[in-house]
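Biologist: Could you walk me through the labels people attach to a model like this one? I would like to see the reasoning behind each of them.

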Amino acid sequence: MNFLNMFKKNDPIKEKIIAIEKEIKRLVKQKCKEKLFVIWYGAYDIDPKHLVFWVCVKSDKMKKDLEENEQLNINLKELLEKYQYPKE
């Protein structure tokens, strides 16, 4: 992929990533009363498997609570299927 193509407006995978990011924030906010933010990065344009989302919170306790919340983690993983992110 050409470097400049990363900035084109019609990037279906990037649109999916942004939708997933918003949904992650919505789901995590239901369980987290701390300030949080979600970031993502990766070379998804080279291969979709090169993408990571980070949920960042203020305290280690909240981080642990979110990690241990099995239903939340299931729901977060299901977002990739919901938005038809490539299976790679």
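Modeller: Happy to; below we take the labels one by one and set each value against its cut-off. Please keep in mind that this is a predicted model.

Biologist: Good. To get my bearings, how many helices and strands are there, and in what order do they run?

Modeller: The protein has three helices and two strands. Starting at the N terminus, the order is α-β-β-α-α.

Biologist: Why are α1 and α3 called roughly antiparallel?

Modeller: Look at the crossing angle. The axes of α1 (residues 12–29) and α3 (residues 70–82) cross at roughly 160 degrees and come within 10 Å. Angles over 145 degrees count as roughly antiparallel, therefore α1 and α3 earn that label. The crossing in which α1 passes α3 is right-handed.

Biologist: Which residues make up that contact?

Modeller: On the α1 side they are Ile20, Glu23, Ile24, Leu27 and Val28, and on the α3 side Leu72, Asn75, Leu76, Leu79, Leu80 and Lys82. By class, that contact has eight nonpolar residues, one polar and two charged. Leucine 76 is a nice one to click on: beyond its neighbours within four places in sequence, leucine 76 is in contact with Ile24, Leu27 and Val28.

Biologist: And which residues have the most contacts inside the largest nonpolar core?

Modeller: They are Ile24, Val28, Cys32, Leu66, Leu76, Leu79 and Tyr85, in a core of 16 residues. Two or more residues each come from α1, β1 (36–41), α2 (60–68) and α3. The largest share, five residues, is given by α1. Across the protein's 88 residues, 24% count as buried.

Biologist: What makes lysine 82 count as exposed?

Modeller: Its relative accessibility is 52%. Exposed means over 50%, so lysine 82 qualifies. Lysine 82 is found in α3, and its C-alpha lies 8.9 Å from that of isoleucine 20, although the two are 62 residues apart in sequence.

Biologist: Then why is lysine 16 called partly exposed?

Modeller: Lysine 16, in helix α1, has a relative accessibility of 24%. Buried means under 20% and exposed over 50%, so lysine 16 falls in between and is partly exposed. Leaving out neighbours within four places in sequence, lysine 16 is in contact with Tyr83, Gln84 and Tyr85.

Biologist: How do you know that glutamine 84 is exposed?

Modeller: Its relative accessible area is 60%. With the cut-off at over 50%, glutamine 84 is therefore exposed. Glutamine 84 sits in the segment after α3 and has a positive phi of about 55 degrees, although it is not a glycine. From lysine 16 it is 68 residues away in sequence, yet 7.8 Å away in space, C-alpha to C-alpha.

Biologist: One more. What makes leucine 51 buried?

Modeller: Leucine 51 has a relative accessible area of 18%. Buried means under 20%, so leucine 51 meets the criterion. Leucine 51 is found in the loop between β1 and β2 (52–57). Not counting residues up to four places away in sequence, leucine 51 touches Ile17, Trp40, Tyr41, Gly42, Tyr44 and Tyr85. Between leucine 51 and isoleucine 17 there are 9.0 Å from C-alpha to C-alpha, with the two 34 residues apart in sequence.

Biologist: What share of contacts joins residues at least 24 apart?

Modeller: Among contacts between residues at least 6 apart in sequence, that share is 57%.

Technical notes:
Residues are numbered from 1 along each chain as its sequence is written. This is a predicted model: local features need pLDDT of at least 70, side-chain atom pairs count only at pLDDT 80 or more; totals for chains, interfaces and linings use all residues. Side-chain values use heavy atoms; hydrogens and water are left out. Axes are lines fitted to C-alpha atoms, for helices over the stretch in contact, and angles run from 0 to 180 degrees between N-to-C directions. Helices (H or I, at least four residues) and strands (E, at least two) are DSSP runs, numbered from the N terminus. Angles under 35 degrees count as roughly parallel, over 145 as roughly antiparallel, 65 to 115 as roughly perpendicular and the rest as oblique. A crossing is left-handed if the near helix is turned anticlockwise from the far one by less than a right angle, and right-handed if clockwise. Contact means heavy atoms within 4.5 Å. Ala, Val, Leu, Ile, Met, Phe, Trp, Tyr, Cys and Pro count as nonpolar, Asp, Glu, Lys and Arg as charged, and the others, Gly among them, as polar. A nonpolar core is a set of buried Ala, Val, Leu, Ile, Met, Phe, Trp, Tyr and Cys residues joined through side-chain atoms within 4.5 Å. Buried means under 20% relative accessible area, exposed over 50%, partly exposed in between (1.4 Å probe, protein chains only).
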